[in-house]
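Here is a friendly walk through a structure, in questions and answers. Have a look at it first, and then we can start.

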Amino acid sequence: MAGRQRAPAAASSYLPPVMMTAVLFLWVFFSCGGHVEASNIDFANMTALQKHVEFFDRNKDGIITASELFEGYVAIGCDAVFARKQAASVSAGVGPKTSPDDAPLPHLSIYLKYIHKAMHGSDTGAYDAEGRFVPAKFEEIFTKHAKVRPDALTFEEIEEMILANRDPLDPQSWSAPEGEWGLIYKLASDKHGFLHKDSARGIYDGSVFYKLEEQRTSARSDM
């Protein structure tokens, strides 16, 4: 047995305290009164990367607001304090990269159509430059790093993979994989500390988020 270990820090990007405070203020202000027009997105032909984040588009208008991010994180099992901070951090980091020029300021909303513009380095390579899934790169995750079991990853193996993928010339990209894989490990690994291959695959097409929400809803209904 791998044994459940402490997951990597679940934060996709770091914001200084002063900036975080400002972003949280903007999040509260714009989530209460801001209005964003729907974006043109072909949901039937989304890339894997678009599917990866589509869960958080709660009203399915092609745009993910900070309040929708908050709702999505809570839906998959995060506490409200973490969800609020994560929503603010992701909105501040990803929103400006994906917002079209005519989008309402302060460009905190995430546009699914342009999500490929927010791709970061130091990743597994399982998405290509346009956000399409690359099966061979996904399989490499397990052929290279799954040593205890061929169909699952332990905490240590995930850490090993993250370190192996780090681009030494792009240190700003190092925190994103730590946060992304850390959160999924925390929420989706089993009681023995294994993150199974199907759950890892579900990260790339977003299906794992729907499963986590369904499990949380089912658990609450059984109480």
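Q: Which side chain meets that of Asp 205 in a salt bridge?
A: A quick reminder before we start: this is a predicted model. A salt bridge needs a side-chain nitrogen of Lys or Arg within 4 Å of a carboxyl oxygen of Asp or Glu. For Asp 205 the N to O distance is 3.8 Å, and the partner is Arg 201.

Q: In which helix do Asp 205 and Arg 201 both lie?
A: The two residues are four apart, about one turn of the helix. Asp 205 has 26% relative accessibility, and Arg 201 has 29%, so each counts as partly exposed. The element that holds both of them is helix 8.

Q: Which residues are joined into one network by salt bridges that share partners?
A: One link is the salt bridge between the side chains of Glu 71 and Arg 58, at 3.4 Å from N to O. Shared partners extend this to a third residue, and the network consists of Arg 58, Glu 71 and Glu 213.

Q: How many residues apart in sequence are the parts that Glu 71 and Arg 58 tie together?
A: Glu 71 belongs to helix 3 (residues 66-75), whereas Arg 58 sits in the loop between helix 2 (48-54) and strand 1 (63-64). Glu 71 is partly exposed at 42% relative accessibility, and Arg 58 is partly exposed at 24%. Their pairing therefore ties together parts whose separation in sequence is 13 residues.

Q: Is Arg 149, which meets Asp 151 in a salt bridge, buried, partly exposed or exposed?
A: The side chains of Arg 149 and Asp 151 meet at 3.1 Å, N to O. Asp 151 has 32% relative accessibility and counts as partly exposed. Buried means under 20% and exposed means over 50%. With a relative accessible area of 29%, Arg 149 is partly exposed.

Q: How many salt bridges does the structure hold?
A: Among them are the pair of Glu 71 with Arg 58, that of Asp 151 with Arg 149 and that of Asp 205 with Arg 201. The total for the structure is eleven.

Q: Within what arc do the buried residues of helix 5 fall?
A: In helix 5 (residues 135-145), the buried residues are Phe 138, Ile 141, Phe 142 and His 145. Seen down the helix axis, they line one face, because they fall within an arc of 105°.

Q: Which elements do the buried residues of helix 5 pack against?
A: On the other side of helix 5, Ala 136, Thr 143 and Lys 144 are exposed. The buried residues pack against strand 3 (152-153), helix 6 (155-165), helix 7 (175-188) and helix 8 (197-205).

Methods:
Residues are numbered from 1 along each chain as its sequence is written. This is a predicted model: local features need pLDDT of at least 70, side-chain atom pairs count only at pLDDT 80 or more; totals for chains, interfaces and linings use all residues. Side-chain values use heavy atoms; hydrogens and water are left out. Buried means under 20% relative accessible area, exposed over 50%, partly exposed in between (1.4 Å probe, protein chains only). The arc is that of the directions from the helix axis to the C-beta atoms. Contact means heavy atoms within 4.5 Å.
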